[in-house]
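Student: I have a structure to go through. Can we take the fold and then the ligand site?

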Amino acid sequence: MSTAPMTQAIKPRILIIGAGAMGRLWAGYLQPCSELFFATRTAQAPRIDFVFCDSHGDRHRIDIPVCRNHDLAPDLILLTTKAPDAEAALVSAEQLLHRRRPVILFQNGMGSQQAIAARFSSVPILAASTTEGAYIDAAGELIHAGRGQTWVGALNECAHSHVATAAEQLGRSGLEVSVDKDVEDRLWQKLAINAGINPFTALLDCSNGEILGHDYFEERIGAVCHEVSQLMHAVGRTAHPEELEARVRDVARRTAANSSSMRQDIRSGRPTEVDMMNGFIARESESLGLPAPVNRALTEAVKALR
Ligand SMILES: NC(=O)c1ccc[n+]([C@@H]2O[C@H](COP(=O)([O-])OP(=O)(O)OC[C@H]3O[C@@H](n4cnc5c(N)ncnc54)[C@H](OP(=O)(O)O)[C@@H]3O)[C@@H](O)[C@H]2O)c1
């Protein structure tokens, strides 16, 4: 008779708040090994079903109930909304939060994570930084476009004891998941790259690779990286402007054909995350008395596109 360990026999109950590209990506890979629920702000239907196209191009039909039950006791909550919606989404699920139920934030940019960690200081708040790439195509299918890596770490004091279990539960998906002792630093590094690529792709309406060599990008990227580096230094993180710029150029080259999320948001008339990227850099710098005119101007320019 099989004697599978208890941890493998019991499926963790996972609530995913936000049934967009990130939420559906994790749902697609976690469904075989978890009991999943979606929380949405709009869906009236009792279930969400969609076609999930995995990284091998194999297609699967995924069917997940929408949580209507305020008594649901999830083992883990994944918050997969865009950054500007994140805090409000968690507030609307407040009755499900508990000091023993970790919440993993998947947002890019900076600011929303710290606001949530401070507001819900008695709830274990973790952040994930991921290089997985996913989008919902015109037919409504979830496309896992690029396989990457995900790092998970604690954002507030009470989260530390939950990191290993949460990473293990996410890792059952088969995606590569690691624990990061300083996930906030990883978020800063990603912020620097996003701030150096995304607004330019939105303003020039071009792919990541096409910004390189463009006058508009070349005239500003040095200043963007200088402002980011100055702010990171002020908050106790090391980042040399030349190294940041070299990394921005390297990522733009390696992801040359990609269309950034900010460009896609502008194209579809959706709000962008610029306020949590270049806008965050401008606001935080100004609050510390540091000038950040180029990040400020890029933020205003992207917002003016809508
Ligand atoms: N997609 C990627 O490849 C990728 C990669 C790395 C990081 N990220 C980051 O992951 C985050 C999510 O990105 P995404 O691409 O998944 O965005 P998305 O496709 O726009 O999905 C966000 C989802 O959140 C839902 N939502 C908003 N407010 C809600 C609320 N109060 N309650 C429940 N659901 C709510 C939205 O619903 P509506 O349809 O009602 O608006 C939407 O379905 C972003 O911060 C992004 O930067 C994405």
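**Sheet, helices and ligand shell**

Tutor: Start with helix 3, residues 83–92, in this predicted model. It lies across strand 1, strand 5, strand 6 and strand 7.

Student: At what angle does helix 3 run to strand 5?

Tutor: Helix 3 spans residues 83–92. Strand 5 is one of the strands it lies across. The angle to strand 5 is about 145°.

Student: Which residue in strand 5 is the bridge partner of Leu15?

Tutor: Strand 1 covers residues 13–17, and strand 5 covers residues 76–79. They run parallel, joined by four bridges. The partner of Leu15 is Ile77.

Student: Which strands are the edge strands of the sheet?

Tutor: The sheet is open, with seven strands in mixed pairing. The order is 2-1-5-6-7-10-11. An edge strand pairs on one side only; these are strand 2 (35–39) and strand 11 (177–179).

Student: Now the ligand. Which residue has a side-chain N or O atom 2.6 Å from a ligand oxygen?

Tutor: Gly20 offers a polar backbone atom, 3.3 Å from a ligand oxygen. Asn108 places a polar side-chain atom 3.0 Å from a ligand oxygen. The 2.6 Å contact belongs to Glu273.

Student: How much of the ligand does the protein bury?

Tutor: Taken alone, the ligand exposes 900 Å². The protein buries a share of that: 79%.

Student: Which element gives the largest share of the shell around the ligand?

Tutor: The shell holds 25 residues. Helix 2 (21–30), helix 3 and strand 8 (133–136) each give two or more. The largest share is three residues, from helix 3.

Terms used: Residues numbered from 1 in each chain as written. Predicted model: local features only at pLDDT ≥ 70, side-chain atom pairs only at ≥ 80, totals over all residues. Heavy atoms only, no water. Pairing = 2+ DSSP bridges. Contact = heavy atoms within 4.5 Å. Axes fitted to C-alpha atoms, helices over the stretch in contact; angles between N-to-C directions. Near = heavy atom within 4 Å. Polar contact = N/O pair within 3.5 Å; in protein donor to acceptor, adjacent residues only side chain to side chain. Areas by Shrake-Rupley, 256 points an atom, 1.4 Å probe, with all protein chains shown as cover.
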